Amino acid sequence: MTFDQMRLSYTRSGLAESDLADDPVTQFRHWFTEANSDDKPAWLEVNAMTLATADTAGRVTTRIVLLKAIEDDHFLFFTNYRSEKARQIAANRQVSLGFHWPHLERQVRIVGTATQVARSVSQAYFDSRPRDSRLGAMLSDQSAEISGREVLQTKLDSLQRQFADTDQLPCPDHWGGYAVNPSEVEFWQGRESRLHDRLLYRRHESSWRVCRLSP
Ligand SMILES: Cc1cc2nc3c(=O)[nH]c(=O)nc-3n(C[C@H](O)[C@H](O)[C@H](O)COP(=O)(O)O)c2cc1C
């Protein structure tokens, strides 16, 4: 099969204005619960999201990160503060998040600004991670060029020796969370004949306005 022959029809359901919650975070929680229901495919990480960042020259990069919490209506993810994404966020706080839930024929797109979370929040999440993940965060100079895998193994062996007798691992200063404060959230439901439903919340002063976009 060639690319141009790949085609699916979306027929599962629709999205009407009357279906929506008053605010997009509540609506997101509804859709997230449905995406994460028991009949989701076992391999699907429903909290995986595309994170787009851009520098001040307009150079855009994307990657997948995991949504780890929603707090005070902000979307939280954790990463390395020296990574490429972090350098771009330091220069330009505007980011976009994208979720794709193919089993529901849905996507959610968020536009907002990213801010580093309080140190205590990063520390608490770091402490909740499995030992291997904490060691990985400690040793990885994320986004830096390295000469080969052995660089990572050497650092891991050294950390394993250094912390052999304890599970108290320090959260590195250069590792932590970002909170994305949404200004726009779009809910997209696939429909037949490519006439998809697209309902967009836009922040308007202290409330939200909803409009429908053409597919
Ligand atoms: C499913 C999945 C989940 C990921 N989750 C994270 C994450 O939560 N935090 C993170 O820093 N990188 C995560 N990564 C790795 C990133 O996609 C990326 O490679 C890394 O953050 C470096 O990105 P950068 O060089 O653009 O900053 C994940 C990758 C995948 C495929």
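This tour moves through a predicted model, from one strand to the cores and then to a pocket.

**First stop: strand β7**

Select residues 175-189, which form strand β7. Of its 15 residues, 12 are buried, so the strand is largely enclosed by the rest of the structure. Keep β7 highlighted while its pairing partners are added.

Next, select residues 74-80, strand β4, which pairs with β7 in the antiparallel sense over 6 bridges. To see the register, display F78, which stands opposite G177 in β7.

Then select strand β6, residues 106-116. Its antiparallel pairing with β7 runs over 11 bridges. Here, Q116 stands opposite Y178 of β7.

Finally, add strand β8, residues 197-204, which is joined to β7 by 6 bridges, again in the antiparallel sense. Within this pair, E186 faces L200 in β8. While the side chains are displayed, one general point is useful: in a regular strand they alternate between the two faces of the sheet.

**Second stop: the nonpolar cores**

Show the side chains of F28, F75, F77, F99, W101, V108 and F187. These residues have the most contacts inside the largest nonpolar core, which contains 37 residues. At least two residues of this core come from each of α1 (24-35), β1 (48-54), β4, α2 (84-91), β5 (94-101), β6, β7 and β8. Strand β7 provides the largest share, 5 residues. In soluble globular proteins, nonpolar side chains tend to be buried together.

Now centre the view on F28. Leaving aside residues up to four places away in sequence, F28 touches L67, I70, F75, F99, W101, V108 and F187.

A second core, separate from the one around F28, has 12 residues. To find this second core, select F126, L135, L159 and C171, which are among its members.

**Third stop: the largest pocket**

Select F78, T79, R129, Q142 and W175. Of the 18 residues that line the largest pocket, these lie nearest its centre. F78 was met earlier, opposite G177 in β7. The space in the pocket amounts to about 390 Å³.

Colour β2 (60-66), β4 and α4 (131-139) to locate part of the wall: each supplies at least two residues of the lining.

What is the division of the lining into nonpolar, polar and charged residues? Colouring by residue type shows 7 nonpolar, 6 polar and 5 charged residues.

How values were computed: Residues are numbered from 1 along each chain as its sequence is written. This is a predicted model: local features need pLDDT of at least 70, side-chain atom pairs count only at pLDDT 80 or more; totals for chains, interfaces and linings use all residues. Side-chain values use heavy atoms; hydrogens and water are left out. Buried means under 20% relative accessible area, exposed over 50%, partly exposed in between (1.4 Å probe, protein chains only). Helices (H or I, at least four residues) and strands (E, at least two) are DSSP runs, numbered from the N terminus. Two strands pair if DSSP finds at least two bridges between them. A nonpolar core is a set of buried Ala, Val, Leu, Ile, Met, Phe, Trp, Tyr and Cys residues joined through side-chain atoms within 4.5 Å. Contact means heavy atoms within 4.5 Å. On a 1 Å grid over the protein atoms alone, a cavity is a set of points where a 1.4 Å probe fits but cannot get out, and a pocket is an open set with protein on both sides within 12 Å along at least five of seven lines; lining residues have an atom within 4 Å of a point. Grid points are joined across faces, edges and corners, and a volume is the space filled by probe spheres set on the points. Ala, Val, Leu, Ile, Met, Phe, Trp, Tyr, Cys and Pro count as nonpolar, Asp, Glu, Lys and Arg as charged, and the others, Gly among them, as polar.
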